[in-house]
Amino acid sequence: MIIKSIKIINFRNHSEFFLGCNPDTTLILGPNGCGKTSVLEAIYILTRGKSFRATDSEILKRGEKFYRIELEYENGEKILATYDGSVKTFISLDKKSRRLPKKSKYPVVLFLPSDLNLISSSPGRRRDYFDRVFGEFNENYSSDVSRYEKALKQRNELLKADQVSNPSLFSWNLLLAKYGAEISRLRKLFIDEINTHLTKTYRSIAENSDEIEISYTSEINNLTENAYLKKLEENFMRDSYLGHTSFGVHRDDFVFKFNQKPADGSASRGESRSIILALKFIESDLIYQKTAKKPLILLDDVFSELDPPRRQSLVKNFKNNQVIITSVEDVLL
Ligand SMILES: Nc1ncnc2c1ncn2[C@@H]1O[C@H](COP(=O)(O)OP(=O)(O)OP(=O)(O)O)[C@@H](O)[C@H]1O
Ligand SMILES: [Mg+2]
């Protein structure tokens with residue numbers, strides 16, 4: 001589907017803003033702080049259900065009581081979200097709901113400047129990154145992750161409390177094992193799929209013969225739900241001493257490999273950028289394969305970070321998608 005327009009009210013620094021979108025490329029041009037990323041953020045909320053960077057109370061324009069954002073697709077379908085300071089409501093297909101309904105979601109490939117540092121950033125950032133991407137591949141993955149995170153929080157709170165007993169943790173252990181085993185299975189599956197294309201796609205950008213791979217590093221390693229549960233139970237003494245859960249998918253990492261060595265430390269800056277570009281292209285292809293929808297591409301200020309050949313390759317690769325770009329300078333496309 002093609003986005004026709006987006007209208008935003010009391011959203012970040014915008015009192016009222018309207019953007020008509022082209023079916024191919026739309027450029028949002030303006031100085032630092034004028035509210036470019038915020039427009040992408042509003043589009044992201046109306047396509048994916050929540051912001052990629054903040055909570056609604058942080059987004060609501062300071063001093064205002066509500067925000068309202070509205071997106072119209074080319075086929076006339078409208079999606080609206082309002083937030084009144086405590087509750088967010090989506091309206092799509094004339095129905096109100098607290099969450100954006102699955103059938104109103106649209107896949108997005110989001111490219112933020114910080115993604116260019118993904119290889120050398122923290123494991124937590126990489127987990128968040130791949131969780132977002134895998135949520136595009138499979139809707140159930142995202143709900144498994146949020147259920148896992150809720151259970152983890154509850155278990156950790158119990159562990160921090162005095163005199164915690166093993167039986168009181170049991171129900172949380174069950175949930176962690178159930179969702180954790182599934183999250184791990186899907187992480188491995190999706191990373192394997194990405195790896196199938198990574199070296200070839202990278203070589204088409206960088207025009208050399210390096211080998212690229214992402215290694216999913218996890219203690220879970222094909223554990224069944226039962227084996228996962230047993231591990232949590234075995235760790236009880238240790239966890240209650242530590243006051244947190246020391247075993248599980250919340251400790252996984254995704255390590256980029258450059259010619260079999262960790263890319264962080266061996267790939268150059270330019271090479272690292274080509275790896276991330278390749279990853280974005282593969283994300284877009286796999287989303288299309290899995291959902292039969294051409295993802296919307298949101299490029300937040302990344303052109304200024306790329307040299308002309310990489311800019312060209314970005315433009316060429318996404319020429320059949322709707323692309324919305326923010327930039328502080330007029331980028332030559
Ligand atoms: N809740 C809020 N109310 C009012 N203003 C806000 C709020 N949250 C953020 N801002 C301000 O809104 C402005 C727009 O932020 P945004 O990140 O969209 O800018 P930008 O155009 O992408 O900037 P840059 O080019 O630096 O990335 C910033 O000045 C920011 O400080
Ligand atoms: Mg910005």
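## Elements and model

Helices are DSSP runs of H or I with at least four residues, strands are DSSP runs of E with at least two, and both are numbered from the N terminus. By that rule, Phe134 sits in helix H3, which covers residues 123-137. The model is predicted.

## Phe134 in helix H3

Is Phe134 buried or exposed? Phe134 counts as buried, because 22 C-beta neighbours fall inside 10 Å and the threshold for a buried residue is 20 or more.

Which residues touch Phe134, once neighbours within four places in sequence are left aside? The contacts are Tyr141, Leu186, Arg187 and Phe190. Phe190 is 56 residues away from Phe134 along the chain, yet their C-alpha atoms are separated by 7.2 Å.

## Two domains

The protein splits into two domains. Domain 1 takes 3-106 + 297-327, and domain 2 takes 117-292. Their C-alpha centres are 27 Å apart. The contact draws 8 residues from domain 1 and 7 residues from domain 2.

Which element gives the most to the domain 1 side of this contact? Helix H10 (residues 308-317) does, with 4 residues. That side of domain 1 is mixed by class: 3 nonpolar, 3 polar and 2 charged residues.

## The parallel sheet

Four strands build an open sheet, ordered S3-S13-S12-S8, with parallel pairing. Strand S3 (25-29) and strand S8 (108-111) are the edges, each pairing on one side only. With direction ignored, neighbouring strands in this sheet are turned by 10 degrees against each other on average.

In the middle of that order, strand S12 (residues 296-300) pairs with strand S13 (residues 323-327) in the parallel sense, over 4 bridges. Ile297 faces Val323 of S13 across this pairing.

Two helices cross these strands. H1 lies across S3, S8, S12 and S13, and its axis runs at about 155 degrees to S12. Helix H9 (residues 269-291) lies across S8 and S12, at about 170 degrees to S8.

## The antiparallel strands S4, S5 and S6

Strand S5 (residues 78-83) has antiparallel pairings with two strands. Strand S4 (residues 67-73) pairs with S5 over 6 bridges. S6 pairs with S5 over 5 bridges. Ala81 takes part in both pairings: Ala81 is the bridge partner of Ile69, and Phe90 in S6 is the bridge partner of Ala81.

Which residues form the covered face of S5? Ile79, Ala81 and Tyr83 form it, while Lys78, Leu80 and Thr82 form the uncovered one. In a regular strand the side chains alternate between the two faces of the sheet.

Each pairing is also a hairpin. The hairpin of S4 and S5 has 4 residues between the strands, and Gly76 there takes a positive phi near 95 degrees. S5 and S6 likewise have 4 residues between them, and Gly85 in the turn has a positive phi of about 100 degrees.

## Positive phi outside glycine

Most residues other than glycine have a negative phi. Arg12 has a positive value, near 55 degrees. Leu93 has one too, at about 50 degrees.

Both residues are in loops between strands. Arg12 lies between strand S1 (3-11) and strand S2 (14-20). Leu93 lies between strand S6 (88-92) and strand S7 (95-97). Their surroundings are as follows. Arg12 counts as partly exposed, because 19 C-beta neighbours lie inside 10 Å and a buried residue needs 20 or more. Leu93 counts as exposed, because 10 C-beta neighbours lie inside 10 Å and the exposed class covers 12 or fewer.

## The shell around ligand 1

How many residues surround ligand 1? There are 17, of which Asn13, Asn32, Lys36, Thr37 and Ser38 come nearest. Helix H1 (36-48) and helix H2 (56-59) are the elements that give two or more residues to this shell. H1 gives the largest share, 3 residues.

By class, the shell has 4 nonpolar, 7 polar and 6 charged residues. H1 thus appears twice in this report: it lies across the strands of the parallel sheet, and it gives residues to the ligand shell.

Conventions. Residues numbered from 1 in each chain as written. Chains lettered and ligands numbered in written order. Predicted model: local features only at pLDDT ≥ 70, side-chain atom pairs only at ≥ 80, totals over all residues. Domains from an automatic or database assignment. Nonpolar A, V, L, I, M, F, W, Y, C, P; charged D, E, K, R; others polar. Near = placed C-beta within 6 Å. Pairing = 2+ DSSP bridges. Axes fitted to C-alpha atoms, helices over the stretch in contact; angles between N-to-C directions.
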